[in-house]
Amino acid sequence: MTKMKKFLAVGLASVLAVSFAACSKGAGDSDTPSGTDAAAAKTGYSVISSISEVKDTTLTIDSVCAAVLVDADGKVIDCKIDEAQTKPDLATDNGNVSDLRTKLEKKEDYAMKSVSPIQKEWYEQIAAFETFAKGKTADEITAAVGEDGMPTNADLKAGCTIHVGDIAKAVTNAIAGAQELGASSTDTLKLAVSTEKYYESNETNLQYDSNYAVVTLDADGKITSCLIDASQAKCTIADGKFTVAEGAFITKKELKEDYNMKAASPIQKEWYEQAAAFEAFAKGKTAADLTAAVGENGMPADADLKAGCTINVNSIVNNAVKAATV
């Protein structure tokens, strides 16, 4: 082969190699790995609680929690809603509620379908609200609900006819408070709400605690953002009647310094500060990693977690794991 033929052969091979590489990447491809073009998203949540229907021997404790994933334009990418409704009754069970499932968890057992004009259960109607909220801004969601808390938008009313005043407010509050915490627009949004008796009912007090966990997960099941909170419904019992403590339904994060944990904390940190440390620790972890970070006594066992969080995290971790695996 002459020098000219050798040059042509090498040149042609180089051209073919470059052409093949360009074709294999496809139109619009870049040199960045797949999945890295997902836009940053904001994670937010809000809890609206109330203690209503306070009668001599009965009480209704409602806590609505909304979680959102929001884009740069303030539009909802995804939305999750659940509600804890606890109804202690001194007359029948001395205030001890055995079924502490959320409305979402109760599904058909919530027994709303028979009185619904569209024959839909609560979980079905809340799914319709979540679907309606996607792609909407806070203003658009607010505009879809009347002053009486009932849906006014035709698309929303087609699948949701329940009172959504607090639900819509929780969603719009969550949008307003959403922050860039590490989530991307392609992540999966999860929410878990769990309620438990903190004090057993007796002659003087009754307390039910609800824990809230919002997580976003990447394709590998790792947490990209995490938000936790808790509310405590505190009541006193005197002469066979309920008395609700002032501010009983304010969340621990909302209480901030008024929660008054700092003085008893070995690291001199309030609950909301220790919650922030837990949230930071959770990023990049799987559900199994969170479980492994806690000892059998419910106390942090991982050194990094203990540096900023020394409270009993058993309920917190159980609920965060529930959110990540549900």
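# A tour from helix α4 to the pockets and cavities

Begin by selecting α4 (residues 122-133), and then add its surroundings, because the cover over the buried residues of α4 includes β3, α3 (103-106), α5 (138-143), α6 and α7. Helices (H or I, at least four residues) and strands (E, at least two) are here DSSP runs, numbered from the N terminus, and a contact means heavy atoms within 4.5 Å. A residue counts as buried when its relative accessible area is under 20%, as exposed when it is over 50%, and as partly exposed in between (1.4 Å probe, protein chains only).

Before going on, note that this is a predicted model, in which local features need pLDDT of at least 70 and side-chain atom pairs count only at pLDDT 80 or more, while totals for chains, interfaces and linings use all residues. Residues are numbered from 1 along each chain as its sequence is written, and side-chain values use heavy atoms, with hydrogens and water left out.

**Stop 1: helix α4.** Show the side chains of W122, Y123, Q125, I126, F129, E130, F132 and A133, which are the buried residues of α4. The expected span of a helix is 1.5 Å times one less than its number of residues; for the 12 residues of α4 this gives 16 Å, and the end C-alpha atoms are 16 Å apart, which agrees. Just after α4, select G135, which takes a positive phi of about 85 degrees.

**Stop 2: I162.** Next, select I162, which lies in the loop between α6 (154-157) and α7 (165-177). Is I162 buried or exposed? I162 has a relative accessible area of 11%, and is therefore buried. If residues up to four places away in sequence are not counted, I162 touches M112, W122, Q125, I126, G149, M150, P151 and I167. For one of these, G149, you can draw a distance to I162: the two are 13 residues apart in sequence and 8.7 Å apart in space, C-alpha to C-alpha.

**Stop 3: helix α7.** Moving on to α7, colour I167, A168, A170, V171, T172, A174 and I175, which are buried. The cover over the buried residues of α7 includes β1, β2, β3, α4 and α5. The 13 residues of α7 should span 18 Å, and the end C-alpha atoms are indeed 18 Å apart.

**Stop 4: helix α12.** Now turn to α12 (314-325), whose 12 residues reach 16 Å from first C-alpha to last, close to the 16 Å expected. Its buried residues are I316, V317, N319, A320, V321, A323 and A324, and what covers them includes β5, β6, β7, α9 (271-282) and α10 (287-292).

**Stop 5: the largest pocket.** On a 1 Å grid over the protein atoms alone, a cavity is a set of points where a 1.4 Å probe fits but cannot get out, whereas a pocket is an open set with protein on both sides within 12 Å along at least five of seven lines; lining residues have an atom within 4 Å of a point. Grid points are joined across faces, edges and corners, and a volume is the space filled by probe spheres set on the points. The largest pocket holds about 340 Å³ of space. To find its centre, select Y198, D209, Q232, K252 and N312, the closest to it of the 18 lining residues. The elements that give two or more residues to this lining are β5 (188-199), β6 (205-217), β7 (223-238) and α12. The lining residues divide into 8 nonpolar, 6 polar and 4 charged, where Ala, Val, Leu, Ile, Met, Phe, Trp, Tyr, Cys and Pro count as nonpolar, Asp, Glu, Lys and Arg as charged, and the others, Gly among them, as polar.

**Stop 6: the cavities.** How many cavities of 30 Å³ or more are there? The count comes to 2. The largest cavity has a volume of about 80 Å³, and of its 14 lining residues, I61, S63, S210, S231 and A233 are the closest to its centre. β1 (40-52), β2 (60-70), β3 (76-86), β6 and β7 each supply at least two residues of this lining, with β7 giving the most, 3 residues. This lining divides into 7 nonpolar, 7 polar and no charged residues.

For the second largest cavity, with about 30 Å³ of space, select N211, Y212, A213, I228, D229, I316, N319 and A320, which line it. Here β6, β7 and α12 each supply at least two residues.

**Last view.** Finally, show the whole protein, which has 12 helices and 8 strands, and in which 42% of the 326 residues count as buried.
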